[in-house]
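Q: I'd like to learn how to read a strand and its neighbours in a model. Can you walk me through one?

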Amino acid sequence: PSVYKSSLNFDGNTDAIDCGTGSRFNIDQITISAWVMLDSGLTDYQMIGGVRNTNNGIIPYMLNHHNNGKFRFVINQSSDNAYKVIYANDNTVLNTWYHVMGVADGSSVKLYINGDLQTDQTTYDGTITSPTQNFNIGRQPSAAIYHWDGLISNVAVFNTGLSQSQATTLYNNGTPEASISHSPLSWW
């Protein structure tokens, strides 16, 4: 049972949410924020949220759990088709709630776990490949793979790169906000 009244339970096989597409997800700065808990699969790829292109398989941006046992945030720099990948400092623990937030702010790519900025960071030139598929929660879009096995709550997408203080606000001392701060583009 979740302590978060609005969390959704994903089965790791077929459950996912198709959040739609449109120009709102064609952005060069992005923050994806979510509360998540894994039930199993610490060595599996599992998608929290992101977009994909069907014509070439490029993933413009995604927040997920990598098969190395850590959360990660990925963007694809459109100017040269280069992936920028950031990993969490520590391995994920099953049945533990995390606030995970990936940020591309126009120059830097960062990852926050429970409000803490992770060591792994990189730069990008401020361009992100435009998505051709819908934003999905709980699976990789269009390919229908990498399903999440566990709970997800309060997924928010912002069309700006949020700051350290904004990450702290969203983490909210370990309790998801009932009314999300910082004007997200979309919030589920």
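A: Sure. One definition to start: two strands count as paired if DSSP finds at least two bridges between them. Keep in mind that this is a predicted model.

Q: Which strand pairs with β9 over five bridges?

A: That's strand β8 (residues 98-104), and the two pair in the antiparallel sense. As an example of a bridge, Val 100 has Ile 113 in β9 as its partner. Three residues sit between the strands of this hairpin, and Gly 106 takes a positive phi near 105°.

Q: How many residues lie between β9 and β10 in their hairpin?

A: Two, and Asn 114 in that turn has a positive phi of about 50°. Strand β10 (residues 116-117) pairs with β9 in the antiparallel sense over two bridges, with Tyr 112 opposite Leu 117.

Q: What about β9 and β11, in which sense do they pair?

A: Antiparallel, over two bridges, with β11 covering residues 122-123. Here Val 109 stands opposite Thr 122.

Q: Which way do side chains point along a strand?

A: In a regular strand they alternate between the two faces of the sheet. In β9, Ser 108, Lys 110 and Tyr 112 are on one side, while Val 109, Leu 111 and Ile 113 are on the other.

Q: Are those two faces of β9 buried or exposed?

A: For burial, the cut-off is under 20% relative accessible area. Both faces of β9 are covered, with the residues on each side all buried. Six of the six residues in β9 (residues 108-113) are buried, so the strand is largely enclosed by the rest of the structure.

Definitions and conventions:
Residues are numbered from 1 along each chain as its sequence is written. This is a predicted model: local features need pLDDT of at least 70, side-chain atom pairs count only at pLDDT 80 or more; totals for chains, interfaces and linings use all residues. Side-chain values use heavy atoms; hydrogens and water are left out. Buried means under 20% relative accessible area, exposed over 50%, partly exposed in between (1.4 Å probe, protein chains only). Helices (H or I, at least four residues) and strands (E, at least two) are DSSP runs, numbered from the N terminus.
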